[in-house]
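The questions below work through a two-chain assembly, moving from the contact between the chains to individual side chains. Each answer sets out its reasoning before it gives the value or name asked for.

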Amino acid sequence: MVLTHTTNHTYAHPFPTVTLAFFLRYCSPQLNPFASHVLSTDTIDSHIDPSTGRLHTTRIHLKKSRMPPAVMKLLPTTLTGGTTSQASYILETSVVDMREGWMSTESRNLNFVGVLSVVERQMYSIPKTKTLDNTEVETKVVFKSRLGERLRDKLSHQNLSATAQEGGFFARLGARGIQRSIETLASTKTQDQLGKSREGMKMILERLRQTGIIGVLELRRAARERSMSA
Amino acid sequence: MSQSLAPECNELKERYDTCFLKWYSEKYLRGISTSDNNECATMFKEYNVCLKRALKERGIDKLLDEAREDFKENDATLLGKKKCK
């Protein structure tokens with residue numbers, strides 16, 4: 001079962017600035033109040049491919065669970081560990097090609113993949129009309145719930161046919177129904193979240209327009225010092 | 001940037017992030033340095049040693065390995081061939 005969601009958006013900012021905002025989007029809450037659910041951000045790899053000049057970056061973000069509470073409630077505690085508010089690790093890979101003028105990004109959850117895997121892909125580019133003041137972005141999110149597959153694996157391994165006959169959790173609700181519900185709930189939540197993530201990008205872009213990168217770095221440093229002395 | 005997932009790496013991360021953002025905005029985006037980003041390499045190395053240890057302690061390195069296995073399978077079946085540009 002797979003659910004796909006695609007949206008297009010145009011930022012009224014030049015392409016290089018938008019790519020910088022992408023890297024800055026989870027900096028301090030002072031710069032992006034829409035990123036308060038992001039607990040940490042780390043770079044695990046960053047290198048330039050010498051043959052293409054493309055910058056490849058891999059980062060890992062820790063976010064307060066993107067899994068809607070409604071989804072968590074649907075699941076048996078054996079899968080969720082009995083909690084409804086866990087944090088999830090997100091792996092983000094990005095490639096920037098300054099010469100050709102595009103940036104492609106991909107984010108996916110690292111935990112809960114057995115329940116729901118969410119893959120978000122974005123392609124940022126200079127508009128075909130060569131309007132250099134604008135940047136286009138296509139966002140494609142693929143939701144896939146693998147709950148049923150996991151259960152089938154388990155059944156075949158452990159021969160739990162008795163559970164199925166008695167009408168266990170999945171038998172009653174139907175694995176397909178659950179998969180679809182999880183995908184739909186997650187998709188609705190994501191559409192909401194996409195709006196917020198765009199708002200966050202816009203705030204950073206506006207700040208970059210006003211003060212440039214040095215201003216942003218300065219603000220970041222000041223915010224950090226405040227939080228450390230608090 | 002926000003915090004590192006490991007508080008003990010915060011300082012090293014901060015130094016690297018600042019270096020990276022400066023290099024990215026002042027050089028890479030302007031096409032000045034498109035073959036390497038060596039100037040932040042030492043800082044990255046130090047930060048990476050700290051981070052790798054933290055990833056291991058928290059079992060995230062295993063999640064990463066599992067995810068890489070999973071990608072292959074998923075990418076092949078539902079996303080088709082990776083976009084090559």
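Helices here are DSSP runs of H or I with at least four residues, numbered from the N terminus. The model is a predicted one.

Q: Which residue with a positive phi follows helix 2 of chain B, and near what value is that phi?
A: Helix 2 of chain B covers residues 41-57. The residue in question comes after that helix and has a positive phi, near 75°. The residue is Gly59(B), and the phi is near 75°.

Q: What span should helix 2 of chain B have, and how far apart are its end C-alpha atoms?
A: The helix holds 17 residues, and the expected span is 1.5 Å times one less than that number of residues. The expected span is therefore 24 Å, and the distance between the end C-alpha atoms agrees with it, at 24 Å.

Q: Which residues of helix 2 of chain B are buried?
A: The test is a relative accessible area under 20%, computed on the protein chains only. In helix 2 of chain B the residues that count as buried are Phe44(B), Tyr47(B), Asn48(B), Cys50(B), Leu51(B), Ala54(B) and Leu55(B).

Q: How many residues of chain B are in contact with chain A, and about what area is buried between the two chains?
A: On the side of chain A, 45 residues take part in the contact, and on the side of chain B there are 46. Carbon and sulfur atoms give 60% of the area buried between the chains. The values asked for are 46 residues of chain B and about 4,100 Å².

Q: How many salt bridges and how many residue pairs in polar contact are found between chain B and chain A?
A: A salt bridge needs a side-chain nitrogen of Lys or Arg within 4 Å of a carboxyl oxygen of Asp or Glu, and across this interface the rule finds zero. Polar contacts, with both residues at pLDDT 80 or more, are present between the chains. The counts are zero salt bridges and 10 residue pairs in polar contact.

Q: Which helix of chain B supplies the largest share of the side that touches chain A?
A: Helix 1 (10-26), helix 2 (41-57) and helix 3 (60-78) of chain B each supply at least two residues of that side. By class, the side has 20 nonpolar, 12 polar and 14 charged residues. The largest share is 14 residues, and it comes from helix 1 of chain B.

Q: Which residue of helix 1 of chain B meets the side chain of Lys13(B) in a salt bridge?
A: The partner lies in helix 1 of chain B as well, four residues apart from Lys13(B), about one turn of the helix. Lys13(B) counts as buried because its relative accessibility is 2%, and the partner is buried too, with a relative accessible area of 4%. The N to O distance is 2.7 Å, and the partner is Asp17(B).

Q: What pattern of helices and strands does chain A follow?
A: Chain A has seven helices and seven strands. Of its contacts with a separation of 6 or more, 67% are between residues 24 or more positions apart. Read along the sequence, the pattern is β-α-β-β-α-α-β-β-β-β-α-α-α-α.

Q: Which residues of chain A are linked with Arg25(A) in a network of salt bridges?
A: Arg25(A) and Glu92(A) meet in a salt bridge of 3.0 Å, N to O. This pair links distant parts of the chain, with Arg25(A) in the loop between helix 1 and strand 2 and Glu92(A) in strand 4, 67 residues apart. Arg25(A) counts as buried at 10% relative accessibility, and Glu92(A) is buried at 0%. The residues linked with Arg25(A) are Arg59(A) and Glu92(A).

Q: Is Gln122(A) buried or exposed, and with which residue does its side chain make a polar contact?
A: Gln122(A) is found in strand 6 of chain A, and at 11% relative accessibility this residue counts as buried. Among the residues that Gln122(A) touches are Phe22(A), Met103(A) and Val137(A). The polar contact between side chains is 3.0 Å, and the partner is Thr139(A).

Definitions and conventions. Residues are numbered from 1 along each chain as its sequence is written. Chains are lettered from A and ligands numbered from 1 in the order in which they are written. This is a predicted model: local features need pLDDT of at least 70, side-chain atom pairs count only at pLDDT 80 or more; totals for chains, interfaces and linings use all residues. Side-chain values use heavy atoms; hydrogens and water are left out. Contact means heavy atoms within 4.5 Å. Buried area is the accessible area (1.4 Å probe) that two parts lose on being put together, summed over both. A polar contact is a pair of N or O atoms within 3.5 Å; within protein, one must be able to donate a hydrogen and the other to accept it, and residues adjacent in sequence count only if both atoms are side-chain atoms. Ala, Val, Leu, Ile, Met, Phe, Trp, Tyr, Cys and Pro count as nonpolar, Asp, Glu, Lys and Arg as charged, and the others, Gly among them, as polar. Buried means under 20% relative accessible area, exposed over 50%, partly exposed in between (1.4 Å probe, protein chains only). Lists of a residue's contacts leave out its neighbours within four places in sequence.
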